Amino acid sequence: MFEITRDDSGRVQLQGRFDAAQVTRAKEVFSLVDDSCVVDFAELSYISSAGLGLLFATQKRLTERGQALTLANLNPHIREVFRIAGFDNIFKIDE
Amino acid sequence: MRRGFRREIDALEEIFRFLEDFVAEAAIDESTAFTINLVVEELFTNMVRHNAGGEAFIDLGIERVDDCLHLELVDSGVERFDPVNIPAPPVDAGIGERRAGGLGLYLVQTMVDDVSYSYEPGTRQMRVSVTKRLES
């Protein structure tokens, strides 16, 4: 089960399990992100490299335009995956 | 526990259910359960993408022996491809020096205690074996 939505303020909400089978759906939302925004992980329980790759590609595209994603409310397991991936250098992560 | 799964990314849902049953039966802690899911997904999806001409099912086995977890994925009818000995991505680099991709197998190697690869030319079978010590 995976859900991705974007609210009126532009905040992206992730919910459930973000695995390789969900990337196409997530890409539809992230491809429409053109400005800085927050990605809220509060309801996300799991992510794999497929999700990391999409977030990275989005961040790279935004950074080239002077914009950026900020990641919020990562659970400890997901936070550890981001640390191992070296994404502390790539994203602002709100603790 | 051991079972074959269709060579499709969409088989992940069934795989996660299989792992959920194992985690409950073997009394695995939450952190290790997260790691198992990630390791199996990365190795399975790697086989699906790289071994397109292989047999219809990829075999997944997992067991707990005392305080160690052993899992293996076996893929038959495939070409030789070693997913273990690959260069690490530049995780200390900034966004300008990095590219998307290459993280999955690095995560696997970093999050488990041992991972090994073998290939049997006769059956054209590759096997990736993983050991993860359980947190006390």
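Two strands count as paired if DSSP finds at least two bridges between them, and the strands themselves (E, at least two residues), like the helices (H or I, at least four residues), are DSSP runs numbered from the N terminus. The model on screen is predicted, so that local features need pLDDT of at least 70 and side-chain atom pairs count only at pLDDT 80 or more, while totals for chains, interfaces and linings use all residues. Residues are numbered from 1 along each chain as its sequence is written, and chains are lettered from A and ligands numbered from 1 in the order in which they are written.

**Stop 1: the sheet of chain A**

Select the strands of chain A, which form an open sheet of five in the order β1-β2-β3-β4-β5, with mixed pairing. Its edge strands are β1 (2-6) and β5, each of which pairs on one side only, and the twist from one strand to the next averages 25°; angles here run from 0 to 180 degrees between N-to-C directions, with axes fitted as lines to C-alpha atoms, for helices over the stretch in contact.

Begin at β1(A), which pairs with β2 (residues 12-18) of chain A in the antiparallel sense over five bridges; within this pair, A:Phe2 stands opposite A:Gly16 of β2(A). Add helix α1 (residues 23-30) of chain A, which lies across β1 and β2 and runs at about 5° to β1(A).

**Stop 2: the parallel strands and their crossovers**

Move on to β3 (residues 37-47) of chain A, which pairs with β4(A) in the parallel sense over four bridges, and find A:Val39 opposite A:Leu71 of β4(A). Strand β4 (residues 69-72) has A:Leu69 and A:Leu71 on a covered face and A:Thr70 and A:Ala72 on an uncovered one.

Now show α2(A), which together with β3(A) and β4(A) makes a right-handed β-α-β unit; a crossover is right-handed if, with the strands pointing away from the viewer, the path from the first strand over the helix to the second runs clockwise. The helix α2(A) lies across β2, β3 and β4 of chain A, at about 145° to β4(A).

On the other side of this pairing, β4(A) joins β5 (residues 92-94) of chain A in the parallel sense over three bridges, with A:Lys92 as the bridge partner of A:Thr70. The chain passes from β4(A) through α3(A) to β5(A), and this β-α-β crossover is also right-handed.

**Stop 3: A:Cys37**

Select A:Cys37, which lies in strand β3 of chain A. Is this residue buried or partly exposed? A:Cys37 is partly exposed, because 19 other C-beta atoms lie within 10 Å, where 20 or more would make a residue buried, 12 or fewer exposed, and the values in between partly exposed, with C-beta atoms placed from the backbone. Leaving aside neighbours within four places in sequence, A:Cys37 is in contact with A:Gly10, A:Arg11, A:Val12 and A:Leu69, contact being defined by C-beta atoms, placed from the backbone, that lie within 7 Å.

**Stop 4: where the chains touch**

Show both chains and select the contact, which takes 20 residues from chain A and 21 residues from chain B. On the side of chain A that touches chain B, α2 (49-63) and α3 (76-84) each supply at least two residues, and the largest share, eight residues, comes from α2(A).

**Stop 5: the sheet and core of chain B**

Turn to chain B, where five strands form an open sheet in the order β1-β2-β3-β5-β4, with antiparallel pairing. Its edge strands are β1 (2-6) and β4 (114-120), each pairing on one side only, and neighbouring strands are turned by 20° against each other on average, direction ignored.

Select β2 (residues 57-65) and β3 (residues 68-76) of chain B, which run antiparallel and are joined by seven bridges, with B:Val65 opposite B:Cys68 of β3(B). Their hairpin has two residues between the strands, and B:Asp66 takes a positive phi near 55° there. Strand β3(B) also pairs in the antiparallel sense with β5 (residues 125-133) of chain B over nine bridges, where B:Glu72 stands opposite B:Ser129 and B:Leu71 opposite B:Val130.

Finish with the largest nonpolar core, which has 54 residues, those with the most contacts inside it being B:Val39, B:Val40, B:Leu43, B:Phe44 and B:Leu73; such a core is a set of buried Ala, Val, Leu, Ile, Met, Phe, Trp, Tyr and Cys residues joined through C-beta atoms within 7 Å. Helix α2 (residues 30-50) of chain B gives the largest share of this core, nine residues. Centre the view on B:Phe44, which touches B:Ile15, B:Ile58 and B:Leu73, not counting residues up to four places away in sequence.

Methods: Two residues are in contact if their C-beta atoms, placed from the backbone, lie within 7 Å.
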